[in-house]
Amino acid sequence: MYAFLDDGPHAGELVRIDPDASGRPPRRIELADPGGEPAAYDLIGPHHDPDRWIYRRAP
């Protein structure tokens, strides 16, 4: 399954993610921004493609 990143420095990118124990996408993922700082992205909802989920950078 994939995370589609809706905004932030990685906007428009797809990131491969592992489902949780129940087979659902994780509620939050963390990625390194271009400067190397960690950034959290929260699950927003399903994408129109069945194996993709939309994530938005957490405030």
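What follows is a chat about a predicted model and its sheet, core and one loop residue.

Colleague: What order do the strands of the sheet have?

Modeller: This is a predicted model. Its open sheet has five strands in the order β2-β1-β5-β4-β3, and the pairing is mixed.

Colleague: Which are the edge strands?

Modeller: β2, residues 14-16, and β3, residues 28-32; each of them pairs on one side only.

Colleague: And the twist, what does it average?

Modeller: From one strand to the next, 40°.

Colleague: In which sense do β1 and β5 pair, parallel or antiparallel?

Modeller: Parallel, over four bridges, with β1 covering residues 2-5 and β5 covering residues 52-57. L5, for one, has Y55 in β5 as its bridge partner.

Colleague: What about β3 and β4, parallel or antiparallel?

Modeller: Antiparallel, over five bridges. E30 stands opposite A40 in β4.

Colleague: How many residues lie between β3 and β4 in the hairpin?

Modeller: Five. G36 is in that turn and has a positive phi of about 95°.

Colleague: What holds strands together in a sheet, generally?

Modeller: Backbone hydrogen bonds, in either a parallel or an antiparallel arrangement.

Colleague: Back to β3. Where do its side chains point?

Modeller: They alternate along the strand. I29 and L31 point to one face and are buried, whereas R28, E30 and A32 point to the other face and are not buried.

Colleague: Which residues make up the largest nonpolar core?

Modeller: There are 10 residues: A3, L5, V15, I17, I29, L31, A39, Y41, W53 and Y55. At least two of the core residues come from each of β1, β3, β4 and β5.

Colleague: Pick I29. What does I29 touch?

Modeller: Leaving out residues up to four places away in sequence, I29 touches A3, L5, I17, A39, A40, Y41 and Y55.

Colleague: New topic. Where is H47?

Modeller: H47 is in the loop between β4 and β5.

Colleague: Does that make it buried or exposed, and why?

Modeller: H47 counts as buried because its relative accessibility is 16%, and the cut-off for buried is under 20%.

Colleague: What does H47 touch?

Modeller: F4, R52, W53 and I54, again not counting residues up to four places away in sequence.

Colleague: And which backbone nitrogen lies 3.1 Å from a polar atom of the H47 side chain?

Modeller: That of D49.

Technical notes. Residues numbered from 1 in each chain as written. Predicted model: local features only at pLDDT ≥ 70, side-chain atom pairs only at ≥ 80, totals over all residues. Heavy atoms only, no water. Pairing = 2+ DSSP bridges. Axes fitted to C-alpha atoms, helices over the stretch in contact; angles between N-to-C directions. Core = buried A, V, L, I, M, F, W, Y, C linked by side-chain atoms within 4.5 Å. Buried < 20%, exposed > 50% of the residue type's maximum accessible area, 1.4 Å probe, protein only. Contact = heavy atoms within 4.5 Å. Polar contact = N/O pair within 3.5 Å; in protein donor to acceptor, adjacent residues only side chain to side chain.
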